[in-house]
Amino acid sequence: MELSTLVGQEPEEVLESLGSSAEGLDPEEAARRLARFGPNRLEARARPPALSRLLATLTHFFALLLWAAAALAWIGHRFDPEAGLDTLAVAIVAVVLVNGVFAFAQEYRAERMLAALARLLPARARVLRGGRLEEVPIETLVPGDVILLEAGDLIPADARLVVANALRVDLATLTGEARPRPRSAAPAPFLSPLEAPNLVLAGTTVVAGEGRAVVFATGHQTEFGRIVALVQAEPEPRSLFLAEIARASRWIAAVACTLGAVFLLAGLSVGLSASAAAVFALGVIVANVPEGLLPTVTLALAMAAQRLARRGVLVRHLPAIETLGAASVIVTDKTGTLTTGAMVVRVVQPADAAEPVPVAALDPREPVIRRLLEVAASCHGLVPGPRGLVGDPMERALVEAAGAHGIAPLPVLSTIPFDADRKRMGTIHDRAGERLLFCKGAPETVLARCTRIAAADGPAPLGADARARLLASAASCAERGYRLLALAYRPLAPEETPEDENELVFTGFVGFEDPPRPGAAEAVATARRAGIRVIVATGDHPLTALALARRIGLVRSQRPRVITGDRLARLSNAELQLALDAEEILFARLAADQKLRLVKALQARGETVAVTGDGVNDAPALKRAEIGVAMGRSGSDVAREAADIVLIDDDFAAIVAAIAEGRAVFANVRRFLTYILASNVPELVPFLLFALLGVPLPLTVVQILAVDLGTDLLPALALGAEPPAPDTMERPPRAKTAALLDRGLFVRAYLWLGILETLGSLSAYAVVLWLGGWRWDTPLSPVDPLRLEATSATLTGIVLAQMANLFVCRHERIASFAPELPRNPLILPALLSEAGLLLAILFTSPGRALFGTAPPAPAAWLVGAAGAVLLFCAEEARKALSRRREGAARLRTRDR
């Protein structure tokens, strides 16, 4: 049956057309339909088995590179068992395994937390079967079932109302609109499933009233299911960070293999045996593979995830942290994301006031204000629940506002229910023997029923001028983004029980808003400073969205670009691209597919898009974006499943902290690479001197491994755990094309820091040879004491230089000991471990035996230390020059 026909029929016709009745389906018929239509659930897209996901963490490109390095080390061990390459192979395998298991465990833990959140959802529904009321699992609902609804119920399937009593439904999960919509059982013209006043849709919530509805769609046939299908149809976006790690890995692999081949030929050319030359080349290859990159990346992401967890941010996929750091645009929902998602009374305009006043400024001792607060406290359809009153959030806000001024509700004798046509409700009360009719509703409908206006000395006639003034005031409040209700009353005769509200006394307007979350304005300001564009895309009213955007500083101009869903539907892709050029733009009344279209349009402009949201309507966009951020407390299960990051406490401000952490991860990996690659130069140059000039080899393969997998490991990991620097959010986001291993890093690591380390380490080597009386072309055997001491001096020079390098690599521009640099508690332990390992290698019998060392002379220590000081001072001078140039550039920009 066409949905438009269903909406336009009388309730009896609807039941007949669905083969049901007011008593519901027979149990036998329900069973037959369950077999025919299937269970009322949304089948999740099959995920790979846990074992497959674990294997994926062990077989990505860089992991494969490390597996290859381990295999080469093992092959080298077969040629030269004394070189210690078997230990290297075991160490590399351990690195890959530990890293893979850790990454898998992090994602598995996040999935378990999401599953726990999903279990909080209700799983049963009240249904009539054969005239009997039963409570059944929602999976067993079928088309034709008659379900019973009341305040607080989650609607389990798409259904057509056949009975409705003051029913209001919260559609925020589907539309993003915070204000509940009234629903009735009367026939209506069909516009869309979301606009039809007699339809209730799966995933939405009853906030007031009660009713009965006949199910017409279940599972994937529901509007909820249609949105889930959109989500599942979107491909998994590729992580920019993982793509960049893979690109850097390929570059490193190419360099390592090229150098290995060159050194193999060089070894053969100087007379080495094939096996010796092969071991020589393998050592060079392994030395150029940064074995610590994988654990450093994982540690950087894991430390960031732990810091974010303390702020209530659950990271489902670790690489998502860095991707968020690259975000150039945040497309954010409004309700429950930028706002609290809870209506509060913000302003009140009593009948005798010229303009609205803040609710906190009301004086309940004034007669007009007291009567207004009595109506606010008493005229509602709320019902007691286990956690307080249950029902319409605006009614709860009224009761809370009145209670804050010491006004308690009056007992209710009877109710004139709210409905969509009248747009108002009435309640009858008794106050010390005086019967009163209280009324609240839309300003235009309540004012039309008022003949008098409250005043301090008693009600006065409500003239045309006063009525026009009140309507103008209401319109002004609406333009400022407030939702308004008008309140009125009338004294009743002792036995009078009216069926409608007439001849009322107007007492005032009440203005509601869904207030901004604490910290939202600050978060928007920080995002602006960081060069991140924030675009509101909501299902709510344009005026409401614009008022909020102004309040949190998202919109500052007088005439921003506001595009509604209807307008967006008429825009071509080219027109949308041009519209997005506007400096300030927001979108309102958007459907789920339109928010998805907006994300695609931004991606077509080369933007890295982060999408935040909490509703089912946000899920397709969350899935499509490079990074999806869902709300954990108010968010739907579908939204959380589609997202990469979940804000457990729904705190929008935490997104800015996550962006800072993401940027820090990228910077930390660059710090690590700078630190590791710098030491590659003094490790490689000795082989060049040996191969080209015939100098005794200044550094052995096993000593290279002592640096790469020993002394350098903990300092490199410490750099990977650096907290966000103070200027992290003062710079624009990196471009999508920005390389992790770019020319600037290459020059700084290889041609600057690496050269400085080489000067210091080889100078220490030369000093030992000179003091030992060595002459050119004099051969030194591998066990010659002078050779052992000389290579140890080279090793000492490298390690001392790396100690200085640890400090200068903490930031590319800020001085190493500047007070604004955040404290990294791992730096000192890493430094001590580096020094301790060096001393163990040089001064213990096992260390000397394993690494072929001897304690260097004091002169070698002095020269190595001087090299470290030279590196530190030269790099700090470069940083100072860089800061001076940046400051001059800022001044020139300001002068323009």
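**Exercise 1. Describe how helix 24 packs against helix 27, giving the angle, the axes and the residues in contact.**

Solution. Begin with the geometry of this predicted model, in which local features need pLDDT of at least 70, side-chain atom pairs count only at pLDDT 80 or more, and totals for chains, interfaces and linings use all residues. Residues are numbered from 1 along each chain as its sequence is written, and side-chain values use heavy atoms, with hydrogens and water left out.

Helix 24 spans residues 653–693 and helix 27 spans residues 743–771, and the two pack at an angle of about 50° with their axes 7 Å apart. Helices here are DSSP runs of H or I with at least four residues, strands are runs of E with at least two, and both are numbered from the N terminus. Axes are lines fitted to C-alpha atoms, for helices over the stretch in contact, and angles run from 0 to 180 degrees between N-to-C directions.

Next, turn the angle into a word: helix 24 is oblique to helix 27 because of this angle, given that angles under 35 degrees count as roughly parallel, over 145 as roughly antiparallel, 65 to 115 as roughly perpendicular and the rest as oblique. Helix 24 passes helix 27 in a right-handed crossing, a crossing being left-handed if the near helix is turned anticlockwise from the far one by less than a right angle, and right-handed if clockwise.

Then list the partners, where contact means heavy atoms within 4.5 Å. Helix 24 contributes residues including Arg670, Leu673, Leu677 and Pro682, while those from helix 27 include Leu745, Arg748, Tyr750 and Glu757. By class, this contact of helix 24 with helix 27 has 14 nonpolar, six polar and three charged residues, where Ala, Val, Leu, Ile, Met, Phe, Trp, Tyr, Cys and Pro count as nonpolar, Asp, Glu, Lys and Arg as charged, and the others, Gly among them, as polar.

**Exercise 2. Work out how helix 24 is placed against helix 28.**

Solution. Take the angle to begin with: helix 24 and helix 28 (residues 785–808) pack at about 155°, and their axes are 10 Å apart. Helix 24 is therefore roughly antiparallel to helix 28, and the crossing of these two helices is right-handed.

For the contact itself, Thr674, Tyr675, Ala678, Ser679, Pro682 and Glu683 in helix 24 meet Ile798, Gln802, Asn805 and Leu806 in helix 28. The residues of this contact of helix 24 with helix 28 divide into five nonpolar, four polar and one charged.

**Exercise 3. Which residues of helix 25 and helix 29 meet, and how do the axes cross?**

Solution. Helix 25 covers residues 701–711 and helix 29 covers residues 827–843, and their axes come within 11 Å and cross at roughly 145°. Helix 25 passes helix 29 in a right-handed crossing. From helix 25 come Ala706, Gly710 and Thr711, which meet Glu834, Leu837, Leu838 and Ile841 in helix 29. By class, the contact of helix 25 with helix 29 has four nonpolar, two polar and one charged residues.

**Exercise 4. Is Ala630 buried or exposed, and what does Ala630 touch?**

Solution. Locate the residue before judging its surroundings: Ala630 lies in strand 25, which runs over residues 627–631. Its relative accessibility is 0%, so Ala630 counts as buried, where buried means under 20% relative accessible area, exposed over 50% and partly exposed in between, with a 1.4 Å probe and protein chains only.

Not counting residues up to four places away in sequence, Ala630 touches Gly613, Leu622, Ala639, Arg640, Ala643, Ile645, Val646 and Leu647. The C-alpha atoms of Ala630 and Ala488, which are 142 residues apart along the chain, are separated by 41 Å.

**Exercise 5. Describe Ala432 and Glu503 by phi, by loop and by accessibility.**

Solution. Phi of Ala432 is near 55°, a positive value in a residue other than glycine, and Ala432 is found in the loop between strand 15 (424–431) and strand 16 (434–441). With a relative accessible area of 85%, Ala432 is exposed.

For Glu503, phi is near 50°, again a positive value in a residue other than glycine. Glu503 lies in the loop between strand 19 (483–491) and strand 20 (504–513), and at 52% relative accessibility Glu503 counts as exposed.

**Exercise 6. How many helices and strands does the chain have, and what share of its residues is buried?**

Solution. The chain has 31 helices and 26 strands, and buried residues make up 56% of its 896 residues.
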